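Here are some notes for a colleague who has not looked at this structure before. They take up its empty spaces, then its sheet, one loop residue and the chain as a whole.

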Amino acid sequence: MTKDWMTLLLNATLFAPLVGIPLILLFHRKWAKYLAFGFSLLPFIVGIVLHSVYRFSPDPSALYSKDFVFFSESLWFTLDNIDIKFMLGVDGISAYLILLTALIFPTLVVYSWGKADKQEKMYYLMLLVLETGIIGFFLSLDLLLLYIFFEMVLIPTCFFIGIWGGAQREAASIKFFLYTLVGSLVMLIGIIYLGLNVSDGYLTTDYFVIRDALASGTNPAFSLEAQRWLFAAFAIGFAIKVPLFPFHTWQPFTYSESSTTGSVILAALLSKMGAYGFIRFCLPFFPEVSLEFAPFIMTLAVISIVYGGYLAIVQTNIKKLIAYASFSHLGFIILGIFSFTQEAMSGAVISMVGHGIATAGLFLLTGMLYERHKTKDIRGFQGLAKIAPKFTVLFMITVMTALGLPGLSGFVGEFMILIGAYSSTEVSSVFAILAALGIVAASIYLLNTFRVMMFGETNEELKNKIFDLTGREVAVVLPLVTLMIVMGLYASPFLNQINKGSDRVLKIVESRVEGKSFTDNSIDKEDEKVKILKEEDMDVFQSTK
């Protein structure tokens, strides 16, 4: 593939949804949903083409540029002392997150048909803007571009919470906005510091230039102490997005009060932006600090797993239950990232995809129930297995995926994370054992929820309100359920690419750590021990003499 074709396909993946915006504005609102579906589906089609080109290329290694499967670079704007590039790249880590994003949005468009009567054009416009922002974040290899896309998702998400959400939607929207804004502003400070100090005389936010400057160890502005502060600036922004304990307090309330579309976007996609940020930026930029802070972050991850699981057990609000379950499972992903083994990191990436699919399925199915019965209390649904068999089957597969049942996509990632974390170090093996408690908690709250909602006696009021899934509703959920089964039974094609991406990240970390003074310090300590032993032996010899 030539460089021009590669640039064209990457830009098409990014900007295709935006092309639909003027058309939606020009045409009658009855065409908005069809235009939104077509243009939201285009990135998925282009993504499949990119994946096929790489997979079936006679020489796939020839497509790699700067450690990325697909890469494009062009000058964005330049002034006397400013050099900003429009850099996009795809590797094994970002590829499936982009495909996940490109699949979720057309699914949401089809789900929303007939439900977005209030400001319908704005609804679909916001979906297309959001899709562009999230895909742009996963593609960006310039930190200024990354920040723009990081912020681009904020306002549309607030609309889906504040306009189409529940009774307390305004408060939930404000809380989400403030938390995310604070995190992104802290990250912006780190980006500006890096851009100003990476080279004398000009500002650049080039991913590779910054990574190489940090790796050189010659710039006094990037001392180990400075890197600790820079790591914290990025980590806070990403931890709020995940969310990671204790930055999670916005999440349950926001998930619960958001519209179904907003809940899916928040849980299935926006949370992955935070986890992806740790892998793409924190680890390669600050590997020594990442290793230094790993026990602390893994502690927070385990707290998220256990604490989130406990809170999910006591919930009766179905959306809050899914929110806490998501919070718990995202702790596994962070645990895998900071275990620094290929099994755990690859498990974290495939778990991001599996979690996105399962959480999207759970929120969509419960959203369909809410539209019928207007309650979020799981005790308001009993005996659904008798009156909604299609819903029951799809809900059962989705619940079992979230539980991590072998043969479904949820199992693959969790298993790899626990194996990788256990085999990493003695400290991380303790974290892996504690994290397994989250699986026990998941068994309790998910199986109990399924039991309460599917079995028992159904009252007449529920029979009158609840009807089984329509053909369109089945079409919305079925692709997600199919992926849950395919990824669970045959994860190898996904892991082949993911392993290459995670292996390169870990090699960057290893090269940086080995190149530093840890080895030298250990040698010095060994020499000092030998010197002391020799002195002690000499004292013994002198006394004997």
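1. The model is a predicted one. Its largest pocket draws on several helices: α3 (95-112), α10 (251-257), α11 (260-285), α13 (318-337) and α14 (342-373) each provide at least two residues of the lining. The greatest contribution is that of α14, with six residues.

2. The largest pocket holds about 550 Å³ of space. Its lining consists of 31 residues, and those nearest the centre are Trp-164, Ser-259, Thr-260, Tyr-370 and Glu-371. Sorted by class, this lining has eleven nonpolar, eleven polar and nine charged residues.

3. The second largest pocket has a volume of about 330 Å³. It is lined by 15 residues, with Ile-48, Tyr-96, Leu-99, Leu-483 and Phe-494 closest to its centre. Twelve nonpolar, two polar and one charged residues make up this lining.

4. Which elements line the second largest pocket with at least two residues each? They are α2 (32-55), α3, α14, α20 (471-489) and α21 (492-515). The largest share comes from α2, which supplies five residues. Two of these helices, α3 and α14, should be familiar from the first point, since each also supplies at least two residues to the lining of the largest pocket.

5. Closed spaces come next. Rolling a probe the size of a water molecule over the atoms shows where empty space is left. In this model the count is four cavities of 30 Å³ or more. The largest cavity contains about 210 Å³ of space. Of its 21 lining residues, Ala-325, His-329, His-355, Ala-402 and Leu-403 are the closest to the centre.

6. At least two residues of the lining of the largest cavity come from each of α13, α14, α16, α17 and α18 (426-454). Here α13 gives the most, with six residues. The lining divides into eleven nonpolar residues, nine polar residues and one charged residue.

7. The second largest cavity has about 180 Å³ of space. Leu-50, His-51, Phe-70, Val-90 and Ala-95 are the closest to its centre, out of 16 residues that line it. The elements that give two or more residues to this lining are α1 (3-26), α2 and α3. Among these elements, α2 gives the most, with four residues. By class, the lining has ten nonpolar residues, five polar residues and one charged residue.

8. The chain also has a sheet. In what order do its three strands lie? The order is β1-β2-β3, in an open sheet with mixed pairing. At the edges are β1 (70-78) and β3 (203-204), each of which pairs on one side only. Strand β2 (residues 82-90) runs parallel to β3 and is joined to that strand by two bridges. Within this pair, Ile-82 is opposite Leu-203 of β3. As background, strands of a sheet pair through backbone hydrogen bonds, either parallel or antiparallel.

9. Gly-407 is worth locating as a single residue. It sits in the loop between α16 (389-403) and α17 (409-424). Is Gly-407 buried or exposed? Its relative accessible area is 24%, and because buried means under 20% and exposed over 50%, Gly-407 counts as partly exposed.

10. Leaving out residues up to four places away in sequence, Gly-407 touches Met-484, Ile-485, Gly-488 and Leu-489. Ile-161 offers a second reference position: Gly-407 and Ile-161 are separated by 246 residues in sequence and by 35 Å in space, C-alpha to C-alpha.

11. As a whole, the protein chain has 22 helices and three strands. Of its 545 residues, 57% count as buried. Among contacts with a separation of 6 or more, 80% are made by residues 24 or more positions apart.

12. Why does the radius of gyration agree with that of a compact globule? With 545 residues such a globule would have a radius of gyration near 24 Å, and the protein chain has 25 Å, so the two agree. Along the principal axes, the C-alpha atoms fill a box of roughly 100 × 60 × 50 Å.

Note on methods: Residues numbered from 1 in each chain as written. Predicted model: local features only at pLDDT ≥ 70, side-chain atom pairs only at ≥ 80, totals over all residues. Heavy atoms only, no water. 1 Å grid on protein atoms, 1.4 Å probe; cavity = no way out; pocket = protein on both sides within 12 Å on 5 of 7 lines; lining within 4 Å. Points joined across faces, edges and corners; volume = space filled by probe spheres on them. Nonpolar A, V, L, I, M, F, W, Y, C, P; charged D, E, K, R; others polar. Buried < 20%, exposed > 50% of the residue type's maximum accessible area, 1.4 Å probe, protein only. Contact = heavy atoms within 4.5 Å. Pairing = 2+ DSSP bridges. Rg over C-alpha atoms; globule rule 2.2 N^0.38 Å.
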